[in-house]
Amino acid sequence: MDIKVIAFDADDTLWINEPYFRETETEFCQLMENYLPQHTAARELLQVEIRNLALYGYGIKGFMLSMIETALTISNKTIDISAVEKIIDLGKALLARPVEVLEGVHEVLQILKDDYRLVVATKGDLLDQERKLRNSGILHFFHHVEVMSDKQEGDYRKLLKHLDIRPDQFLMIGNSLKSDVLPVLAIGGHAIHIPFHITWEHEHVDVHIDNPNFRQVEHISEILPLLYATLR
């Protein structure tokens, strides 16, 4: 592999994210129990979130607005204003969560930084992702940070053009087959999938990948033997 740039997804690849959303979703659904069972409220919220992606994009602020919209819908606009305030507080608490970098991330970045240009390529709210990076203690490892509105083939082509590299010189590492792997392989890049134990339902895909540019590992430290022959 003639890899020049290694890009990392952020949420649930570099640091913990989805479990915090799940906790907030559970609190929201408990708040809605007077109107719907929790599992039904969760399904309604997911549908609203997906519909709103084109308007709000990915991230906590869009999630907060979708919770408010869901609450208004399932209550037929009868929900008390105090419940709306509670939903806003849930969103603010999510924004204030400390950043918990995943095990092995710091050590792997320390090894890679001298041999590759390291990049963050993530979806989400710009201000929130910048906050997480500042507070993570790993920002200094990265040559470039790209907070993307989406992760489609065109978005990656735009990133590669900015980085001035060919697709075969690009390696993407992340926890989502849908966002971090499939579009990169489609444009001729390399991808490594590191599954996380919780994944947002919207990111699930049921697909078998048979591509020489694809690898799957269980822990971020396992990418090192793939990149350094001396570690094999």
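How many nonpolar, polar and charged residues does the lining of the second largest cavity have? I opened the notebook with that one, keeping in mind that this is a predicted model.

**Entry 1: the cavity**

I counted eight nonpolar residues in that lining, along with one polar and three charged. Before going further I checked how many cavities of 30 Å³ or more there are, and the count is two. The second largest has a volume of about 90 Å³. Next I listed who lines the second largest cavity: Trp15, Ile16, Asn17, Tyr20, Phe21, Ile60, Leu94, Arg97, Pro98, Val99, Arg131 and Lys132. Helix 1 and helix 6 (126-136) are the elements that give two or more residues to this lining.

**Entry 2: helix 1 on helix 3**

Phe21 and Ile60 had just turned up in the cavity lining, and I met both again here. I looked up helix 1 (residues 18-31) against helix 3 (residues 60-74) and found axes that come within 12 Å and cross at roughly 15°. An angle under 35 degrees counts as roughly parallel, so that is how helix 1 and helix 3 lie to each other. The crossing of helix 1 past helix 3 is right-handed. From helix 1 the contact takes Phe21, Thr24, Glu25 and Phe28, and from helix 3 it takes Ile60, Phe63, Met67, Thr70 and Ala71. I sorted the residues of this contact into six nonpolar, two polar and one charged.

**Entry 3: helix 2 on helix 3**

How far apart are the axes of helix 2 (residues 38-56) and helix 3, and at what angle do they pack? I got 9 Å and about 130°. Helix 2 and helix 3 are therefore oblique to each other. This crossing is right-handed too. On the helix 2 side I noted Ala41, Glu44, Leu45, Val48, Glu49, Arg51, Asn52 and Tyr56. Facing them on helix 3 are Gly62, Phe63, Leu65, Ser66, Met67, Glu69, Thr70 and Ile74. The class split for the contact of helix 2 with helix 3 is eight nonpolar, four polar and four charged. Phe63, Met67 and Thr70 of helix 3 were already in my list for helix 1, and they appear in the helix 2 contact as well.

Technical notes:
Residues are numbered from 1 along each chain as its sequence is written. This is a predicted model: local features need pLDDT of at least 70, side-chain atom pairs count only at pLDDT 80 or more; totals for chains, interfaces and linings use all residues. Side-chain values use heavy atoms; hydrogens and water are left out. Axes are lines fitted to C-alpha atoms, for helices over the stretch in contact, and angles run from 0 to 180 degrees between N-to-C directions. Helices (H or I, at least four residues) and strands (E, at least two) are DSSP runs, numbered from the N terminus. Angles under 35 degrees count as roughly parallel, over 145 as roughly antiparallel, 65 to 115 as roughly perpendicular and the rest as oblique. A crossing is left-handed if the near helix is turned anticlockwise from the far one by less than a right angle, and right-handed if clockwise. Contact means heavy atoms within 4.5 Å. Ala, Val, Leu, Ile, Met, Phe, Trp, Tyr, Cys and Pro count as nonpolar, Asp, Glu, Lys and Arg as charged, and the others, Gly among them, as polar. On a 1 Å grid over the protein atoms alone, a cavity is a set of points where a 1.4 Å probe fits but cannot get out, and a pocket is an open set with protein on both sides within 12 Å along at least five of seven lines; lining residues have an atom within 4 Å of a point. Grid points are joined across faces, edges and corners, and a volume is the space filled by probe spheres set on the points.
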